[in-house]
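The following questions and answers introduce the structure shown below to a reader who is new to it. Each answer reasons briefly and closes on what was asked.

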Amino acid sequence: MKKNKPYRIIISGGGTGGHIFPAIAIANALKEMHPDAEFLFVGAEGKMEMEKVPQEGYKIIGLPVAGFQRKLTFKNLLFPFKLLSSLLKARSIVKEFKPDVAVGVGGYASGPLLYAAASKGVPTLIQEQNSYAGVTNKILSKKAKTICVAYQGMERFFPKEKIVYTGNPVRKDILEFKNQKEKGLQFFGLTNTLSTIFIMGGSLGARTINKSVMANIDMLLEAGVQVIWQTGKFYYEECQELVTQKNTDKIKVLEFIKDMNLAYAVADVVISRAGALSISELCLVQKPIILVPSPNVAEDHQTKNAMALVEVNAAQMIKDEQAERVLVPAVLKLLQNKEKQEIYCENIVKLGKPNAAKEIASEVLKLIV
């Protein structure tokens, strides 16, 4: 490992919080180890990483790349042009920044950037967050030096000798949820006398979960529980309007929750999509959970993520198409079943990897020669 000048590290990916926050966690872990290291993030223009990454104090450059739509759409006609433009810009970024190593965390931008870096002889590391590898990472794995994974059995997709089982990195504050229940209750304006359901649908929101809650809001109110409802930005106004109509202070509607540690601290049961980051956090906070995998993702990887927990009796799963009818009754039933809650908590904590960010950072540093 060279030591004569500060390390230069490119981290690429984004699109959702599930890619962005692990990327930031890796950068922060590297910065702790080498405070003088220089970082450059590369994301996709117009996506949330262009806002979130600078908020954490890191520079980011956007590529014009966009995803390929699975249904017939005009956007697909632009896809090859945006991809070519992104590859050319990525090559220019690599040439100018001269990174010692490039890290890809998934998302639209990681493909062009890691391809450009590898073609220039820059060592690359892939962080595969899901239990089912996507097409882009399978292609990138051929030239990657190291592949950090969050699930066992990933040799189905990648060369076994390149795989390191690290788990998914989570934000440092998530690990600080313990002994914060009182602070959390105060923060969200809740009481200690009622059970609390925490509903989250990811940074952009989950349509099915939100619709399920809206359709059964009277059932929640009649059950005498309190709810933290993170709706995502696309659904916030509609959900807030409904709660206002119900004239209740038992359901707290929030577009986005930055202090997730406080939400986890007060939750008795959690409803969530089955994105890789959400599952990694939930494994660490040791809460009984009901997962509703999104069907609108590549290779249906969220169902596969959820099944990895269901198969070891660490969580409950409800299919997206069943959710509006059965989700709210299921969570109220789980709230009453203390024995099942304990079983889920005991089993899910075995899957947690609290040191993932540091382990990945160590693997990144090994590639700098």
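Two strands count as paired if DSSP finds at least two bridges between them. The model discussed here is predicted.

Q: Over how many bridges do β8 and β9 pair?
A: Strands of a sheet pair through backbone hydrogen bonds, either parallel or antiparallel. β8 and β9 pair in the parallel sense, and one of their bridges sets phenylalanine 198 opposite isoleucine 228 in β9. The number of bridges between β8 and β9 is five.

Q: Which residue in β10 is the bridge partner of glutamine 230?
A: β9 and β10 run parallel and are joined by four bridges. Glutamine 230 has its bridge partner in β10, and that partner is leucine 254.

Q: Which are the edge strands of the six-stranded open sheet?
A: The sheet is open, its pairing is parallel, and its order is β10-β9-β8-β11-β12-β13. At one end, β12 (residues 289-291) pairs with β13 over two bridges, with leucine 291 opposite methionine 317. An edge strand pairs on one side only, and the two that do so are β10 (251-254) and β13 (316-317).

Q: How many of the five residues of β9 are buried?
A: A residue counts as buried under 20% relative accessible area. On one side of β9, Gln226, Ile228 and Gln230 are buried, and on the other side Val227 and Trp229 are buried. Both faces are thus covered, and the number of buried residues in β9 is five.

Q: At about what angle to β9 does helix α7 run?
A: Helix α7 (residues 207-215) lies across three strands, namely β8 (196-200), β9 (226-230) and β11 (269-272). Its angle to β9 is about 145°.

Q: Is leucine 335 buried or exposed?
A: Leucine 335 belongs to helix α13 (residues 323-336). Leaving aside residues up to four places away in sequence, leucine 335 touches Ser195, Ile197, Val225, Asp268, Val269 and Gln341. Because its relative accessible area is 6%, leucine 335 is classed as buried.

Q: How far apart in space are leucine 335 and proline 288, C-alpha to C-alpha?
A: In sequence, 47 residues separate leucine 335 and proline 288. In space, their C-alpha to C-alpha distance is 9.0 Å.

Q: How many disulfides does the count come to?
A: A disulfide is a covalent bond between the sulfur atoms of two cysteines. The rule requires a pair of cysteine sulfur atoms within 2.5 Å. The sulfur of cysteine 148 cannot form such a bond because the closest cysteine sulfur, in cysteine 283, is 18 Å away. By this rule, the count of disulfides is zero.

Q: Which element gives the most residues to the lining of the largest cavity?
A: The structure holds one cavity of 30 Å³ or more, and the volume of the largest cavity is about 30 Å³. Its lining includes Ile11, Gly13, Phe41, Val42 and Gly43. The elements that give two or more residues to this lining are α1, β2 (38-44) and α2. With three residues, the element that gives the most is β2.

Q: Which element gives the largest share of the lining of the second largest pocket?
A: The second largest pocket has a volume of about 570 Å³. It is lined by 24 residues, and those nearest its centre are Asn28, Val170, Arg171, Lys172 and Asp173. Two or more lining residues come from each of α1 (17-33), α2 (49-55) and α15 (356-366). The largest share, six residues, comes from α1.

Key
Residues numbered from 1 in each chain as written. Predicted model: local features only at pLDDT ≥ 70, side-chain atom pairs only at ≥ 80, totals over all residues. Heavy atoms only, no water. Contact = heavy atoms within 4.5 Å. Axes fitted to C-alpha atoms, helices over the stretch in contact; angles between N-to-C directions. 1 Å grid on protein atoms, 1.4 Å probe; cavity = no way out; pocket = protein on both sides within 12 Å on 5 of 7 lines; lining within 4 Å. Points joined across faces, edges and corners; volume = space filled by probe spheres on them. Buried < 20%, exposed > 50% of the residue type's maximum accessible area, 1.4 Å probe, protein only.
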